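Here are my notes on the model, as numbered points. Please read them with the structure open.

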Amino acid sequence: MFDGLKDKLGSFRKDVEEEVEEKEADAADEAAADAEAAEADASEDTEEPSTPAAAPDRESADDEDEDADDSGPGRIRQAAAFATGRVIIEEDDLAQPLWSLEMALLESDVEMSVAEEILDSVREALIGESRKQVDTTAELVEDALHDALVDVISVGQFDFEARIAEADKPVTVVFTGVNGVGKTTSIAKMSEWLGDRDYSSVLANGDTYRAGANEQIQKHAENVGRKLISHEQGGDPAAVIYDGVEYAEANDIDVVLGDTAGRLHTNNDLMTQLEKIHRVVDPEMTLFVDEAVAGQDAVERAREFNKAAEIDGTVLTKADADSSGGAAISIAHVTGKPVLFLGTGQGYDDIQAFDPEELVGQLLAEEE
Ligand code: GDP
């Protein structure tokens, strides 16, 4: 899962380490040259000291242009850092690694604004932190990447299970998203996931738009041993989900999982459909389902769906088949709504609650 991205993040760490090593080597050379010069000075006969009038001029020149002058305070700071085995990372040192990181993120289908946000916080963290001269470059880079990634990935996170636990029963959760991305499979998986936590559920097929939709979800319902409520094709989706709620009430079932048609003729139709479902059954949450492997397309669709009918979160399927990780990194930031679950395979138990810290930990874990 997300191996390509993991490699690219590892390359950034190496790039910065290389820059810092180079700088260390330069500092070592300079320190050696200084020592030589100092020795030479000491062995020379004492010459006329500079006139008292000349000294202040010399100092003010130091202040104005410390980098150009080998004896300036910047130089002293670097030398001190070198003496303690540490090197200060400056903007220039990061230019190349950050450029490579930006390319890597964009190649990984990370949305442009999200990539920029990551770069900004990494840059800020590295330059700011480096002044404190922390222990190793690797730690510094890892912390910076960790915080930047967690910040963008965890936008809007909430505890889905707690929300189910606290809501009045039956709780209705509606799923939306285009066909073929794993929506019906995810509904069945969710039913299993809830079952593992002692919540009973019923499936309701609000996708009355598409021929064959009933049969498709019926198969999943049978496979996981759940009841499916469905109407004829062309029926009213809100009415099907309403029947699901009635069934749940009558049978003491905790959760109604309602499918809806993924794509209608226009965004307006989609909005009207979801609005009606909201009026009739007042779902606790509407979850958008898309596939991680679709990368930028999934991010675009999430943005579009969230605009048409506000979503509460995303289920990102086929994460097991996705190397880039771009959708997983970008969707929460772009929609302002969290990724709540990852689909990790074709089995009904291949679903995980999304944990930003855990994901970032995996992305930054060093290869054994
Ligand atoms: P829908 O049309 O959106 O309802 O899509 P389906 O639920 O029928 O799934 C389409 C295909 O994606 C099926 O072959 C599923 O087994 C597969 N699929 C769904 N979720 C995942 C997942 O998390 N990982 C993988 N590898 N395949 C998945």
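1. Are Phe 160 and Phe 341 buried or exposed? Phe 160 is buried, and Phe 341 is buried too. Keep in mind throughout that this is a predicted model.

2. Start with the overall layout. The chain has 14 helices and eight strands. It runs to 368 residues, and 46% of them count as buried. Its accessible surface comes to about 18000 Å². Carbon and sulfur atoms account for 45% of that surface. Take the contacts between residues at least 6 apart in sequence: 78% of them join residues at least 24 apart.

3. Now the aromatic pairs. The count for the model is four. One of them is Phe 160 with Trp 193. This pair is edge-to-face, with 5.9 Å centre to centre and 65° between the planes. Phe 160 sits in helix 7 (residues 160-166) and Trp 193 in helix 8, so the pair ties together parts that are 33 residues apart in sequence. Both Phe 160 and Trp 193 are buried.

4. Phe 160 has another partner, Phe 341. That pair is also edge-to-face, at 5.0 Å centre to centre and 85° between the planes. Phe 341 belongs to strand 7 (residues 339-343) while Phe 160 is in helix 7, so this pair ties together parts that are 181 residues apart in sequence. Phe 160, Trp 193 and Phe 341 form one aromatic cluster.

5. Next, a residue that touches Phe 160. Leu 287 lies in strand 5, which spans residues 285-291. How buried is Leu 287? Its relative accessible area is 0%, and the cut-off for buried is under 20%, so Leu 287 counts as buried. Beyond its neighbours within four places in sequence, Leu 287 is in contact with a list of residues that includes Phe 160. Val 173, Val 174, Phe 175 and Thr 176 are on that list as well. So are Met 190, Gly 313, Val 315 and Leu 340. For Gly 313 there is also a backbone distance: the C-alpha atoms of Leu 287 and Gly 313 are 5.1 Å apart, against a separation of 26 residues in sequence.

6. On to the ligand. Which residues come nearest to the ligand? Of the 17 residues around it, they are Gly 180, Lys 183, Thr 184, Thr 185 and Gln 216. By class, the shell holds two nonpolar, eleven polar and four charged residues. Helix 8 (residues 183-196) gives the largest share of the shell, four residues.

7. Look at the short distances to ligand oxygen atoms. A polar side-chain atom of Thr 185 is 2.4 Å from a ligand oxygen. For Thr 184, a polar side-chain atom lies 2.6 Å from an oxygen atom of the ligand. Gly 182 takes part through its backbone: an N or O atom there lies 2.9 Å from a ligand oxygen. On its own the ligand has 580 Å² of accessible area, and the protein covers 80% of that.

8. Thr 184 deserves its own point. It lies in helix 8. Thr 184 has a relative accessible area of 6%, under the 20% cut-off, so it counts as buried. Apart from neighbours within four places in sequence, Thr 184 is in contact with Gln 216, Ile 217, His 220 and Asp 259.

9. Check a loop position too. Ser 108 is in the loop between helix 4 (91-107) and helix 5 (112-130). Is this loop residue, Ser 108, buried or exposed? Ser 108 is buried, with a relative accessible area of 1%. Setting aside neighbours within four places in sequence, Ser 108 is in contact with Leu 5, Lys 8, Ser 324, Gly 325 and Gly 326.

10. Last, Tyr 242. It is found in helix 10 (residues 237-250). The relative accessibility of Tyr 242 is 38%; this falls between the 20% and 50% cut-offs, so Tyr 242 counts as partly exposed. Outside its neighbours within four places in sequence, Tyr 242 is in contact with Val 280 and Val 281. The C-alpha atoms of Tyr 242 and Ile 277 are separated by 8.2 Å, and these two residues are 35 apart along the chain.

Conventions:
Residues numbered from 1 in each chain as written. Predicted model: local features only at pLDDT ≥ 70, side-chain atom pairs only at ≥ 80, totals over all residues. Heavy atoms only, no water. Helix = DSSP H or I, 4+ residues; strand = E, 2+ residues; numbered from the N terminus. Buried < 20%, exposed > 50% of the residue type's maximum accessible area, 1.4 Å probe, protein only. Contact = heavy atoms within 4.5 Å. Near = heavy atom within 4 Å. Polar contact = N/O pair within 3.5 Å; in protein donor to acceptor, adjacent residues only side chain to side chain. Areas by Shrake-Rupley, 256 points an atom, 1.4 Å probe, with all protein chains shown as cover. Nonpolar A, V, L, I, M, F, W, Y, C, P; charged D, E, K, R; others polar. Phe/Tyr/Trp six-rings, centres within 6.5 Å; stacked < 30°, edge-to-face > 60°.
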